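Here is a short tour of one protein chain. Keep the sequence and the 3D view side by side as you read.

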Amino acid sequence: QALLSAPADFSNILPCDESTKPPSNKLGLGLGSTKDDSANDCYDTESLYTLPENGDDNTANFPQLNIYARLAKVPVIVYYNISSEDEGSLSKQFDAIQKEGVTPISMEMLVKHLATGAPLPDKPILLSFDGGYTGHYQYVYPLLKKYGYPAIFSVYVNALEGKSKRRSSLNWTQLKEMSVDPLVTIANNSLSHPDDLTSLSDSSLEQEVVNSKKILEQKLGKQ
């Protein structure tokens, strides 16, 4: 179940203080900080991270981070099952996000930032809904459209195909509808949601990680 009982408090996600920005040849991207951090934590103040003089954009190859992204602070809020009883609480949390000036970003935006250093808005967060529950289509998706918030949905194939004992799961029709919406990113969790991937053989691991992704891509008609 989603942990929605406590009132949402996004006031501790703060933009960096303009007065603490380093000179223009340093990294000053205005990324979020928190009340517990010193303002300077938002920016690099070491000469190691001065901008390159040769004009190189320093695009990083995965899994390396671009030098501009090494100080990024993007809280990830993870939800699981959302039922009809949770819908009102989730709506209140989205209201709080809006009130505090927090900006949900897409996974694509975050990946681009990590690889190229492309700037993010102030107070960025990532909304993630894990497990592919029916409530994600019935309750979460309408709220995302209402608020214009992007989010990532992590699903596992066996549940989509009715091969899981779990009672609540998205189906392929619902997932396809969501997948064409630019607000939605569909992510591959696994094939069967095993308890421990490290205990699997190489062939089983390939089924869980590689083949499940291929099935998703084939079913949704996209990569």
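Which residues does S169 touch, not counting residues up to four places away in sequence? Keep that in mind while we set the scene. The model is predicted.

## The chain as a whole

The chain holds 6 helices and 7 strands. Follow the sequence and the elements come in the pattern β-β-β-α-β-α-β-α-β-α-α-β-α. There are 223 residues, and 42% of them are buried. The chain exposes about 12,500 Å². Carbon and sulfur atoms supply 49% of that area.

Now think about contacts. Take those between residues at least 6 apart in sequence: 65% of them join residues at least 24 apart.

## S169 and its surroundings

Back to the opening question. S169 touches G132, Y133, T134, A159, L160 and Q174. S169 itself sits in the loop between α4 and α5. Its side chain also reaches the backbone oxygen of A159, at a distance of 3.1 Å.

## Helix α5

Helix α5 spans residues 172-179. At its start, a side-chain oxygen of N171 comes within 3.1 Å of the backbone nitrogen of T173.

Which residues of α5 are buried? They are W172, Q174, L175, M178 and S179. These residues lie on the same side of α5, because they cover an arc of only 160 degrees around the axis. What covers them? The cover includes helices α3 (134-147), α4 (157-160) and α6, together with strands β6 (151-156) and β7 (184-190). Q174 has appeared twice: it is one of the buried residues of α5, and it is one of the residues that S169 touches.

## Helix α6

Helix α6 covers residues 202-220. How many salt bridges does a search of the whole structure find? It finds 1. K213 forms a salt bridge with E217, and their closest N and O atoms are 2.3 Å apart. Side chains of opposite charge can pair when their charged atoms come close. Both K213 and E217 belong to α6. They are 4 residues apart, which is about one turn of the helix.

Are the two partners buried or exposed? K213 has 42% relative accessibility, so it counts as partly exposed. E217 has a relative accessible area of 19%, so it is buried. The cut-off for buried is under 20%.

Helix α6 also holds L205. With 32% relative accessibility, L205 is partly exposed. L205 helps to make a nonpolar surface patch of about 270 Å². The other residues in this patch are L197, V209 and V210.

K214 is in α6 too. Its relative accessible area is 45%, so K214 is partly exposed.

## Apart in sequence, together in space

Some pairs of residues are separated along the chain, yet we can ask how they sit in space. The table lists three pairs, with distances taken from C-alpha to C-alpha.

| Pair | Apart in sequence | C-alpha to C-alpha |
|---|---|---|
| L90 and V140 | 50 residues | 8.1 Å |
| K214 and N188 | 26 residues | 9.4 Å |
| E100 and K123 | 23 residues | 8.9 Å |

Take L90 first. L90 lies in helix α1. Its relative accessibility is 0%, so L90 counts as buried.

Next comes E100. E100 is found in the loop between α1 (84-99) and β4 (103-104). At 27% relative accessibility, E100 is partly exposed.

Its partner in the table is K123. Where is K123? K123 lies in the loop between α2 (107-116) and β5 (124-130). At 13% relative accessibility, K123 counts as buried. The backbone of K123 has one more feature to check. Its phi is near 55 degrees, a positive value in a residue other than glycine.

## What to find in the view

Try three stops. Start at S169, in the loop between α4 and α5. Move to α5 and pick out its buried residues, among them W172 and M178. Finish in α6, where K213 and E217 both lie. There, look for the salt bridge between K213 and E217.

Key: Residues numbered from 1 in each chain as written. Predicted model: local features only at pLDDT ≥ 70, side-chain atom pairs only at ≥ 80, totals over all residues. Heavy atoms only, no water. Patch = residues over 30% accessible without salt bridge, like charges linked within 9 Å, V, L, I, M, F, W, Y side chains within 5 Å. Areas by Shrake-Rupley, 256 points an atom, 1.4 Å probe, with all protein chains shown as cover. Salt bridge = Lys/Arg side-chain N within 4 Å of Asp/Glu carboxyl O. Helix = DSSP H or I, 4+ residues; strand = E, 2+ residues; numbered from the N terminus. Buried < 20%, exposed > 50% of the residue type's maximum accessible area, 1.4 Å probe, protein only. Contact = heavy atoms within 4.5 Å. Arc of directions from axis to C-beta. Polar contact = N/O pair within 3.5 Å; in protein donor to acceptor, adjacent residues only side chain to side chain.
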